[in-house]
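Trainee: I have a new protein model open on my screen and would love some help reading it. Could we walk through it together?

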Amino acid sequence: MTARPREETGTAADNAATVFKRSLPGVTYDSIPPLRAELIEFVKQHSADAEQPGMLALTVCEILTNIAKHPPAKAHRVEVKLRLTPSQVYIDVADDSTPFAAFDAKCESALDRLNAPLTMAEDGYGLGVILKQHPHVTYTPAGKSPDGLNHFRARSAVAQKELGLAFLVDDDPVTMRRHLDMLAGFYLTVPFNNAENALAAFPLLRPDIIVSDLNMPGMDGIGLRRALAGREGGNETPFIFLSAQKSGESNPYINQLGVDDYLTKPVARDKLRSVMARLMTRSKQVKKTVEGRFHEDLALLLKPALPRSYGAWRIETCNAMVDAGGGDFTLYEEKPQHMLAVLADVMGHGPQAKFFTYAWAGYLRSLFRLQSGAPDPAQLLGKLSSAVSGDAFLESIILTVQGFQLFPDGRMAIASAGHPRPWLIRNNTTSEIEVAGPLPGLFGDAGYSLAQVELAKGDRVLFATDGFFDAFGDAHGLKLVLDPGLAGPALSASLWKTYLELPRRPAADDATLIIAEYGG
């Protein structure tokens with residue numbers, strides 16, 4: 001690797017840093033979720049970036065998963081350190097397991113695959129996920145480390161607050177200089193001394209707002225506004241006229257152009273800033289409203305829902321969907337001999353994650369319709385993983401999936417692709433069902449294993465996404481509030497009420513709970 005992070009040793013760097021440290025006696029799959037929840041809470045307390053907690057936790061968990069899964073000699077000592085400074089994030093995960101071989105070569109290969117747009121490629125070690133978030137990654141094997149431990153280190157810059165991009169169009173250099181000074185530090189301002197150049201740059205830079213002089217040689221401000229109306233996004237971009245002619249404020253022709261405001265020169269600094277801020281705020285609100293309606297319409301179609309019953313089975317589904325988080329969704333198909341269902345969780349935050357949820361749901365729905373015969377959940381996940389592997393678009397989206405099949409005689413078959421384990425509730429006791437598998441697309445058809453469970457009358461199986469499990473911290477936390485004596489709707493209602501009242505409930509992640517009870 002050409003870019004190696006410099007080891008931070010001076011106290012000056014630590015003075016402005018917030019440090020998270022944990023020592024573990026080895027690492028297993030079961031020990032990762034509670035650490036992940038703890039890390040998310042820590043970053044939430046010390047970061048203003050809503051997306052940072054989930055992404056940093058994802059990086060650390062990918063590293064720990066590699067340590068738990070791949071080395072021939074497992075780790076007996078693991079040290080996790082995360083340091084946040086105002087400008088940088090440092091991650092250092094040390095362990096005493098067998099060192100990874102050819103690490104730099106694997107990183108270079110992953111980086112090459114990441115050059116494709118929207119690709120978060122995997123090479124079997126989760127490096128695509130990590131390198132997507134942290135451009136500076138190194139691995140030092142134990143034999144080359146002073147402390148005798150392997151060190152996986154990652155460093156990245158903290159995202160800075162983005163300034164709005166403004167086009168300033170004016171042929172008068174004196175006025176241009178004055179207005180540039182007024183907006184310095186508040187906007188990233190691109191100056192143009194003629195309208196033609198501003199129009200040519202519009203589709204390339206996509207400004208958030210345009211401030212233009214009215215009277216200019218060649219194409220004037222009116223011509224610029226009219227030309228923008230024919231460009232994609234031109235009508236949605238706030239537009240302000242500046243002119244020495246006060247009469248333009250009431251000019252009906254100018255008003256018909258869709259100009260958002262008209263300011264008379266010379267304009268005061270505070271006036272210009274306040275008008276621009278107001279128009280940008282209104283523009284964002286309009287975009288948010290339109291996006292919200294779009295998401296609401298699709299969310300109704302994707303909202304996790306399963307039939308309330310199938311033969312002797314009774315099924316309860318609870319779901320909370322948030323605007324900022326990745327999406328959960330379910331799909332199912334009923335046949336006389338069985339019901340096949342899928343519970344999926346798309347990771348990420350913001351509108352992009354929601355869009356990817358729609359993409360995945362459509363992809364899985366097509367797979368359901370095109371399947372031949374009656375595949376079991378393991379075969380379905382295998383087909384999905386094979387189809388995704390090598391797909392640059394779908395590889396860029398992290399998805400966990402759990403498929404389960406209900407049979408009229410009380411049998412259940414379950415397969416998992418990176419999803420939390422389901423719970424079996426029987427005779428007032430609870431136990432996890434041992435079923436696991438890699439994320440879809442990680443290894444092609446990974447030969448997913450199938451867990452077979454035979455249920456007696458009154459037995460229940462609990463399925464849930466990360467958003468639900470993480471709220472309780474760990475399995476012990478969930479067991480403390482789960483009353484195995486409750487049945488049917490009473491159990492799901494009790495658990496869901498407790499979940500909604502938890503103070504650590506993730507605010508930026510969908511959550512879904514499904515309880516399938518066999519009635520005999």
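Mentor: Happy to! Keep in mind that this is a predicted model. The protein chain has 15 helices and 21 strands.

Trainee: What percentage of the residues of the protein chain count as buried?

Mentor: Buried here means a relative accessible area under 20%. The protein chain has 520 residues, and the share of them that passes as buried is 51%.

Trainee: Which element gives the largest share of the largest nonpolar core?

Mentor: That core has 32 residues, and Leu64, Val78, Val80, Leu82, Ile91 and Val93 have the most contacts inside it. Several elements supply at least two residues each, among them β1 (18–24), α2 (32–46), β2 (78–84) and β5. The largest share, eight residues, comes from α3.

Trainee: Is α3 largely enclosed or not, and how many of its residues are buried?

Mentor: Start with its length: 18 residues at 1.5 Å a residue should span 26 Å, and the end C-alpha atoms of α3 are 26 Å apart, which agrees. Next, look at burial along the helix. The rest of the structure largely encloses α3, because the number of its 18 residues that are buried is 16.

Trainee: Leu82 was on your list for the core. Which residues does leucine 82 touch, leaving out those up to four places away in sequence?

Mentor: A contact needs heavy atoms within 4.5 Å. With that cut-off, the partners of leucine 82 are Thr18, Val19, Phe20, Leu39, Phe42, Leu56, Tyr90 and Ile91.

Trainee: How many residues are in the second, separate core?

Mentor: You can find it by looking for Tyr310, Met339, Phe404 and Ile433, which are included in it. The size of this second core is 22 residues.

Trainee: Which elements give two or more residues to the lining of the second largest cavity?

Mentor: The structure holds two cavities of 30 Å³ or more, and the second largest has about 50 Å³ of space. Its lining includes Ile63, Asn66 and Ile67, along with Val93, Asp95, Asn150 and Phe152. The elements that give two or more residues to this lining are α3 (52–69), β3 (88–95) and β5 (150–157).

Trainee: How many residues of each class does that lining have?

Mentor: Residues such as Phe100 and Tyr139 are part of the lining, and both types count as nonpolar. By class, the lining of the second largest cavity has six nonpolar, three polar and one charged residues.

Trainee: Is alanine 198 buried or exposed?

Mentor: Alanine 198 lies in helix α7 (residues 195–205). Beyond four places away in sequence, it touches Phe167, Val169 and Phe192. Phenylalanine 167 is 31 residues apart from alanine 198 along the chain, yet their C-alpha atoms are separated by 7.3 Å. With a relative accessible area of 3%, which is under the 20% cut-off, alanine 198 is buried.

Trainee: What is the phi of asparagine 427?

Mentor: Most residues other than glycine have a negative phi. Asparagine 427 sits in the loop between β17 (423–426) and β18 (429–432), and it is exposed, with a relative accessible area of 66%. Asparagine 428, in the loop between β17 and β18, has a positive phi of about 65°. For asparagine 427, phi is also positive, near 50°.

Trainee: Last one: is the peptide bond from lysine 265 to proline 266 cis or trans?

Mentor: Most peptide bonds are trans. Proline 266 is found in the loop between β10 (261–264) and α10 (269–302). The omega of the bond from lysine 265 to proline 266 is near -10°, and the bond is cis.

Conventions: Residues numbered from 1 in each chain as written. Predicted model: local features only at pLDDT ≥ 70, side-chain atom pairs only at ≥ 80, totals over all residues. Heavy atoms only, no water. Helix = DSSP H or I, 4+ residues; strand = E, 2+ residues; numbered from the N terminus. Buried < 20%, exposed > 50% of the residue type's maximum accessible area, 1.4 Å probe, protein only. 1 Å grid on protein atoms, 1.4 Å probe; cavity = no way out; pocket = protein on both sides within 12 Å on 5 of 7 lines; lining within 4 Å. Points joined across faces, edges and corners; volume = space filled by probe spheres on them. Core = buried A, V, L, I, M, F, W, Y, C linked by side-chain atoms within 4.5 Å. Expected span 1.5 Å × (residues − 1).
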